[in-house]
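Biologist: Please take a close look at the strand pairing in this model. Go strand by strand, and tell me who faces whom.

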Amino acid sequence: FEFLMTLSSDHVTPATGKTVTATRSIDSGAFAACTNAVTELSNGIYVIDLAAADLNGNCITFKFTATDCDATYVTIITQVG
C-alpha cells in the first residue's frame, strides 16, 4: 500500500528520508500499531505491506505519522452491508 507524506512546514512538499509510524483503527476501535514497518519508495512516497491482521474489519482507518510531517489518514471500507 503506497501513500504520500508531506512536510508540515508548507503542507505540500513531499517528505523524504522520514521514519514513518503506521497505526490502524479497525471498526472504530482504538489505534494500534500496524504489523509491518513502513519503507520509503521515492520522492515522499512510502510503502507498507498491510497484513491480514491490519485489514480484519469492515472499516479500517490508517494513520501515518513522522516528525515534521502532516499526518496522513486513509480510510478503507473492506465490506459494505
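Modeller: F3 stands opposite Y46 in strand 5. Keep in mind throughout that this is a predicted model.

That facing pair belongs to an antiparallel pairing: strand 1, residues 2-4, joins strand 5 over three bridges. Strand 5 covers residues 45-48. Its two faces differ in cover. Y46 and I48 lie on the covered face. I45 and V47 lie on the uncovered one. So Y46, the residue opposite F3, is on the covered side of strand 5, as the definition of burial by accessible area applies here.

Strand 5 has another partner in strand 4, residues 38-42. Here too the sense is antiparallel, and the bridges number four. V38 of strand 4 faces I48 in strand 5, and I48 is again a residue of the covered face. The link between strand 4 and strand 5 is a hairpin with two residues between the strands. N43 sits in that turn and has a positive phi of about 50 degrees.

Now the open sheet. Four strands build it, in the order 3-2-6-7, with antiparallel pairing. Strand 3 (32-33) and strand 7 are the edge strands. Each has a single partner strand, so one side of each lacks a neighbour in the sheet.

At the strand 7 end, look at the pairing with strand 6. Strand 6 spans residues 59-65 and strand 7 spans residues 72-77. They run antiparallel, joined by six bridges. T61 stands opposite T75 in strand 7. F62 stands opposite V74 in strand 7. These two strands also make a hairpin, with six residues between them. D68 in this hairpin takes a positive phi near 65 degrees.

Strand 2 deserves a stop as well. This strand runs over residues 21-26, and I26 is part of it. Buried or exposed? I26 counts as partly exposed, because its relative accessibility is 21% and buried means under 20%. Which residues does I26 touch beyond its neighbours within four places in sequence? The contacts are A53, D54, N56, G57, C59 and I60. C59 and I60 fall within strand 6, residues 59-65. A51 is a useful reference point too: 25 residues separate I26 from A51 along the chain, and their C-alpha atoms are 13 Å apart.

Notes:
Residues numbered from 1 in each chain as written. Predicted model: local features only at pLDDT ≥ 70, side-chain atom pairs only at ≥ 80, totals over all residues. Heavy atoms only, no water. Pairing = 2+ DSSP bridges. Buried < 20%, exposed > 50% of the residue type's maximum accessible area, 1.4 Å probe, protein only. Contact = heavy atoms within 4.5 Å.
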